[in-house]
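Biologist: I would like a close look at a single part of this protein, the surroundings of its ligand, with enough of the wider fold to place that part in context.

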Amino acid sequence: MPEQYDVVVAGAGIAGLSLAALLSVEGRYSVLLLESGSAPGGRFRVIEREGYLLDWGVHACLLGSRGAISRVLRRCDSAIRILPAGMAVFRDGKLLPFVGESLISVAEQKVLGGVSLARFGSAALASRWKRSFDITVSGWLERNRSGEDLESVLKALSIGLLATDRYERASSGELFAFFRQVMRRGVAAGYPEGGWGPVLDALLEAVKRSSRCEVRLGTRLERVAVTDNRVEGVTAGGEDIEAGAVVCAFPPQLLAGEVSVDPPLPEEYRRRLSSLEESLGLCIEMGLSAPITKDRRIIFSVDPPALLWAVSNISPAIAPPGKQLLQFFSPLDHKRRGDKAFIEKRTDELITLAGEAYGGTPDEEFKRVMVTTIGAVVPFTGQSRPNRPAISVPGYDGLYIIGDGVNSRGLGGDLAARSAIQAERLLDGYLRGDTPVALGEVEPRGG
Ligand SMILES: Cc1cc2nc3c(=O)[nH]c(=O)nc-3n(C[C@H](O)[C@H](O)[C@H](O)COP(=O)(O)OP(=O)(O)OC[C@H]3O[C@@H](n4cnc5c(N)ncnc54)[C@H](O)[C@@H]3O)c2cc1C
């Protein structure tokens, strides 16, 4: 006889782990969490090296203690604190404060002039309208005849928050929608006390505390079986398993190729999923034998296109005593993926930038350089929030997609966790049979 679960969640990244943890806390359903890799965490994995705890590249917790990850942790009774981090822009050789640690201090920000700040604020408020997502960063700058201050800020934020320097494609609505949330919540970003390792442990513990949730590592979801438009089960690791609902917590592109759905998803929908472009970046972690700065802010730069921070200043536990961990990120065009000379040049530029921004020469103990996928779906117009796939797969009752490629609100890990919170609600309705299958996100508004 095949095994039976109410819900199969495939993928133990931040989205799948969050959903499994939320479902486990209530214990209403039997849950099977599958992960094709040998360890949980997905793109949020952490490793130890020479006494440093290294994230998989820069990992700021967007919206900090007011974001979706914090919300999930609170539901799991975790006491982990997300410590706040401000934001600054490096321009003309100066570090200019932009967003403070606790709330936006309009008086203290030095990046935008008064008129530009007002324009930025009203664009953030207008970002609840769908059409703002279809305007590129370049288009918005042109339309608003913006000055140099707005241009540098929008470009820098596009690099650091959308992971792209393709301003002619990046969605300005995604940026403004993020700042609308910052204005409402009063926090822009943060970093977990003790690093991301304890966050992943807390989610796994919540899952393991439940007698109704099972985790299988090294087990890949291969096929989703559907009868009369309703999900009936899956094939995973060569085994057939009955399931009331299936949640794919991995990049949506995989549902168009690596994972089969039987009967197959409509050709047009599959084509749409497989055409979604991911973002690519150069990520550097650098251990310093002595601290170069006390700055706790996330620093954005346009030239070179970069984001950097001395992350161990926020959470000292992730570096050995008396040392410091710097993290750098720079967006890369896909055609640069194998271009060693370009990557070496950009690496040198980033390290020079750190020296200029912090006013010293970093004394490098070790360096990890990697080129990797950042976001499952880069927020270009045409694939920004309103155009990303909904959590409920249309026409397939009980089949859902979550993660940082769906049309929930937010960016990066915050979006992944928020989609899990929304999926929990959708699953509840579906499995109890008392609400129609909703299509996820209601915002942004049309028109
Ligand atoms: C270098 C880097 C820097 C980043 N910086 C930030 C940042 O500063 N702030 C931020 O918010 N976000 C950041 N992000 C993005 C953030 O990491 C992602 O948005 C988030 O981790 C996505 O989580 P996820 O659960 O949606 O997907 P993933 O983490 O990709 O998890 C998907 C999981 O599914 C598994 N899987 C795939 N196929 C199958 C299958 N068929 N069966 C079972 N399992 C399967 C995979 O092995 C993986 O573990 C960064 C990403 C990278 C790579």
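Biologist: By class, how many nonpolar, polar and charged residues does the shell around the ligand have?

Modeller: Please keep in mind that this is a predicted model. The shell around the ligand has, by class, 19 nonpolar, 15 polar and six charged residues. Of the 40 residues that surround the ligand, those that come nearest are Gly11, Gly13, Gly42, Gly57 and Gly412. Two or more residues of the shell are given by each of these elements: helix α1 (14-26), strands β2 (31-35), β15 (280-288) and β19 (364-373), and helix α10 (412-432). Of these, α10 supplies the largest share of the shell around the ligand, namely four residues.

To place this shell in the wider fold, one can turn to the protein as a whole, which has 10 helices and 20 strands. The C-alpha trace spans about 65 × 50 × 40 Å along its principal axes, and the radius of gyration of 22 Å agrees with the value near 22 Å that a compact globule of 447 residues would have. Of those 447 residues, 53% count as buried. Among contacts between residues at least 6 apart in sequence, 72% join residues that are at least 24 apart.

The domain assignment gives domain 1 as three segments, 3-44, 198-274 and 380-432, and domain 2 as the segment 87-185. Between the centres of domain 1 and domain 2, taken over C-alpha atoms, there are 33 Å, and seven residues of domain 1 are in contact with 13 residues of domain 2. On the side of domain 1 that touches domain 2 there are, by class, three nonpolar, two polar and two charged residues.

The interior can be described next, with the general background that in soluble globular proteins nonpolar side chains tend to be buried together. Here the largest nonpolar core has 149 residues, and the members that touch the most others are Val8, Leu19, Val247, Tyr400 and Ile402. This core draws at least three residues from domain 1 and at least three from domain 2. As for Tyr400, leaving aside residues up to four places away in sequence, its contacts are Ala245, Val247, Cys248, Ile391, Ser392, Val393, Ala423 and Leu426.

Definitions and conventions: Residues numbered from 1 in each chain as written. Predicted model: local features only at pLDDT ≥ 70, side-chain atom pairs only at ≥ 80, totals over all residues. Rg over C-alpha atoms; globule rule 2.2 N^0.38 Å. Buried ≥ 20, exposed ≤ 12 C-beta atoms within 10 Å, placed from the backbone. Contact = placed C-beta atoms within 7 Å. Domains from an automatic or database assignment. Nonpolar A, V, L, I, M, F, W, Y, C, P; charged D, E, K, R; others polar. Near = placed C-beta within 6 Å. Core = buried A, V, L, I, M, F, W, Y, C linked by C-beta atoms within 7 Å.
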